[in-house]
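Visitor: Could you take me through a close look at the aromatic side chains of this model, and then set them against the chain as a whole?

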Amino acid sequence: MNTYQFSAKTGSFYPKSMLNEYRNANTLPDDLVDVDDEMYSLFTAPPPAGKIRGADESGFPTWVNVPAPTPEQQIISARIRKSRLAEKAEAAIAPLARAAKYGDATQEESAKLSAWEKYSVQLSRIKPEAAPDIDWPQPPQ
């Protein structure tokens with residue numbers, strides 16, 4: 001049974017029962033092909049590792065390799081990673097710094113504070129624009 005159509009341009013399925021709504025909203029692509037329910041089920045399930053839904057030469061759905069991230073995407077990912085790591089470092093530093101400020105830090109806490117602060121400095125020097133060629137510092141244990 002063919003209750004769906006697929007667009008290679010959008011990589012999406014369109015229920016035949018809703019085609020008029022898409023057409024009226026001017027959002028119906030012009031490259032639709034009929035697909036059966038089995039194909040619809042296969043390509044709306046989670047993809048195999050390293051794959052995403054794409055289209056073959058005939059416009060039908062197929063699994064294709066996940067494209068490599070663009071330089072811009074790599075920079076964004078590096079910024080996000082740097083921010084998350086900095087938040088984690090600051091969360092570790094804050095209670096240790098308070099203990100040290102009030103003279104209540106143990107030797108172990110003082111050593112941890114020093115290690116986390118050095119890590120934080122190393123992290124602050126990371127330039128996300130250098131992605132993917134970033135040598136990320138290792139957080140203290």
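Guide: In this predicted model, one aromatic cluster is formed by Tyr4, Phe6, Phe13 and Tyr40. By the centre-distance rule, the aromatic pairs come to 6 in number. One of them joins Phe6 and Phe13, whose ring centres lie 5.0 Å apart with 55° between the planes, so that the pair is classed as tilted, the class between stacked, under 30 degrees, and edge-to-face, over 60. Phe6 counts as buried because its relative accessibility is 0%, under the 20% cut-off, and Phe13 is likewise buried, with a relative accessible area of 12%.

A further tilted pair is made by Phe43 and Trp63, at 4.9 Å centre to centre and with 45° between the planes. This pair links distant parts of the chain, since Phe43 belongs to helix α2 (residues 37-44) and Trp63 to strand β5 (residues 61-65), 20 residues apart. Phe43 counts as buried, at 8% relative accessibility.

As for the setting of these rings, the chain has 4 helices and 5 strands, which follow one another along the sequence as β-β-α-β-α-β-β-α-α. Buried residues such as Phe43 make up 25% of the 141 residues. The radius of gyration is 26 Å, whereas a compact globule of 141 residues would have one near 14 Å, and the C-alpha atoms fill a box of roughly 75 × 30 × 30 Å along the principal axes. Of the contacts between residues at least 6 apart in sequence, 45% join residues at least 24 apart.

How values were computed:
Residues are numbered from 1 along each chain as its sequence is written. This is a predicted model: local features need pLDDT of at least 70, side-chain atom pairs count only at pLDDT 80 or more; totals for chains, interfaces and linings use all residues. Side-chain values use heavy atoms; hydrogens and water are left out. Helices (H or I, at least four residues) and strands (E, at least two) are DSSP runs, numbered from the N terminus. The radius of gyration is taken over C-alpha atoms; the globule rule is 2.2 Å times the number of residues to the power 0.38. Buried means under 20% relative accessible area, exposed over 50%, partly exposed in between (1.4 Å probe, protein chains only). Contact means heavy atoms within 4.5 Å. Rings of Phe, Tyr and Trp (its six-membered ring) pair if their centres lie within 6.5 Å; planes under 30 degrees apart count as stacked, over 60 as edge-to-face and the rest as tilted.
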